[in-house]
Amino acid sequence: MERSIETQVSQAVDAWLRWLPRWEPSTHRGRVAPCRRCFGSPVLSAAGLGSDVPHGVQHGLSTRIKTIVDHAVAEYTSRNLPMLQAELDQQAARNRARSYRPAEGLDPEFEGLPLDPEPVPGAPFLFTIGGLAEEVDADIPALPPLSDEAKAALRQEVGLADDYANMIGREACAVLLHHRLRIQAAISQYVEPQIAAMLEELTRSLDAPFDSGPDPGPADYPAEH
């Protein structure tokens with residue numbers, strides 16, 4: 001029996017809450033570009049995860065909810081949108097032909113994130129994971145072109161799929177509203193203390209930027225003659 005959206009969202013929140021105690025603040029250099037999955041996400045707004053919550057914490061929940069929406073849309077498409085389903089099947093077959101798929105099989109906390117760190121000016125990478133994946137893609141034949149009529153029909157079905165995704169997304173957000181207290185309690189317990197500790201450490205380092213030591217006294221200079 002298919003689980004309801006309410007059940008799936010509740011289970012996703014439960015899984016995220018089990019993961020949250022393992023979260024630790026990132027120590028590497030932050031990215032310049034915002035995450036397209038999380039920036040301005042209505043899912044995060046419904047969950048009460050504002051901009052003051054670290055992105056790593058947000059991403060794990062938004063990805064889990066996106067997976068629920070994606071699965072619902074996939075089932076709707078397979079039942080009602082044959083042309084779009086055929087296009088997706090061809091794309092899936094093309095993806096399976098790739099020998100290198102670094103973005104697949106990742107945990108929700110890492111799914112959808114860039115494969116490579118931000119480049120450092122003047123220090124180019126010898127290679128990147130994304131570049132290797134693109135090299136493999138270049139060897140896979142492109143999908144056959146569509147006629148104008150097929151493109152128009154496909155656009156219509158894509159529009160229907162988008163409408164259904166928006167409907168499921170709104171339903172998921174409504175369910176998340178009922179979990180806000182649990183989510184906020186977990187943030188207070190596991191995230192805020194770590195952020196406070198980082199700010200305290202930063203304050204100490206700013207107050208004492210140099211190691212304190214004994215006063216070296218006046219410098220010794222050679223006597224004048």
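Which residue forms a salt bridge with Asp 14? Hold that question while the whole chain is on screen; the model is a predicted one.

**Whole chain**

Show the protein as a cartoon and colour by secondary structure. Seven helices and zero strands should appear, in the order α-α-α-α-α-α-α along the sequence. Switch to a surface view next. The accessible surface comes to about 15600 Å², and carbon and sulfur atoms account for 57% of that. Of the 225 residues, 28% count as buried. If you display contacts between residues at least 6 apart in sequence, 81% of them join residues at least 24 apart.

**Helix α1**

Select residues 5–19, which make up helix α1. At 1.5 Å a residue, its 15 residues should span 21 Å, and the end C-alpha atoms are indeed 21 Å apart. Show side chains and pick out the buried ones: Ile 5, Gln 8, Val 9, Ser 10, Ala 12, Val 13, Trp 16, Leu 17 and Trp 19. Asp 14, in contrast to these, is partly exposed, with a relative accessible area of 28%.

**From α1 to α7**

Keep Asp 14 selected and add Arg 182. This is the partner asked for at the start: Arg 182 forms a salt bridge with Asp 14, and the closest N and O atoms are 2.5 Å apart. Arg 182 lies in helix α7 (residues 180–207) and Asp 14 in helix α1, so the bridge ties together parts that are 168 residues apart in sequence. Arg 182 is partly exposed as well, at a relative accessible area of 35%. Side chains of opposite charge can pair when their charged atoms come close. The whole structure holds three salt bridges; the other two are the next stops.

**Helix α3 and the loop after α4**

Select Arg 64 and Glu 109. Their side chains meet in a salt bridge, at 2.7 Å from N to O. Arg 64 is in helix α3 (residues 55–80), while Glu 109 is in the loop between α4 (82–96) and α5 (129–138), 45 residues apart. Are these two side chains buried or exposed? Arg 64 has 13% relative accessibility and Glu 109 has 10%; both count as buried because each value is under the 20% cut-off.

Stay on α3 and select Lys 66 and Asp 70. They form a salt bridge too, with the closest N and O atoms 2.6 Å apart. Both residues lie in helix α3, four residues apart, which is about one turn of the helix. Asp 70 is partly exposed at a relative accessible area of 34%, and Lys 66 is partly exposed at 33%.

**Helix α6**

Select residues 148–177, the 30 residues of helix α6. How far apart are its end C-alpha atoms? They are 44 Å apart, which agrees with the span expected at 1.5 Å a residue. Show the buried side of the list next: Ala 150, Leu 154, Glu 157, Ala 161, Tyr 164, Ile 168, Gly 169, Ala 172, Cys 173, Val 175 and Leu 176. Among them is a carboxylate residue, Glu 157.

**Back to α7**

For the last stop, select Leu 199, Leu 202 and Leu 206 with the surface on. Together they form a nonpolar patch on the surface, with about 320 Å² of accessible area. Leu 199 is located in helix α7 and counts as exposed, at 52% relative accessibility.

Methods. Residues are numbered from 1 along each chain as its sequence is written. This is a predicted model: local features need pLDDT of at least 70, side-chain atom pairs count only at pLDDT 80 or more; totals for chains, interfaces and linings use all residues. Side-chain values use heavy atoms; hydrogens and water are left out. Helices (H or I, at least four residues) and strands (E, at least two) are DSSP runs, numbered from the N terminus. Buried means under 20% relative accessible area, exposed over 50%, partly exposed in between (1.4 Å probe, protein chains only). Contact means heavy atoms within 4.5 Å. Accessible areas come from the Shrake-Rupley method with a 1.4 Å probe; for residues, only the protein chains shown count as cover. The expected span of a helix is 1.5 Å times one less than its number of residues. A salt bridge is a side-chain nitrogen of Lys or Arg within 4 Å of a carboxyl oxygen of Asp or Glu. Patches are made of residues with over 30% relative accessible area and no salt bridge: like charges are joined within 9 Å, nonpolar side chains (Val, Leu, Ile, Met, Phe, Trp, Tyr) within 5 Å.
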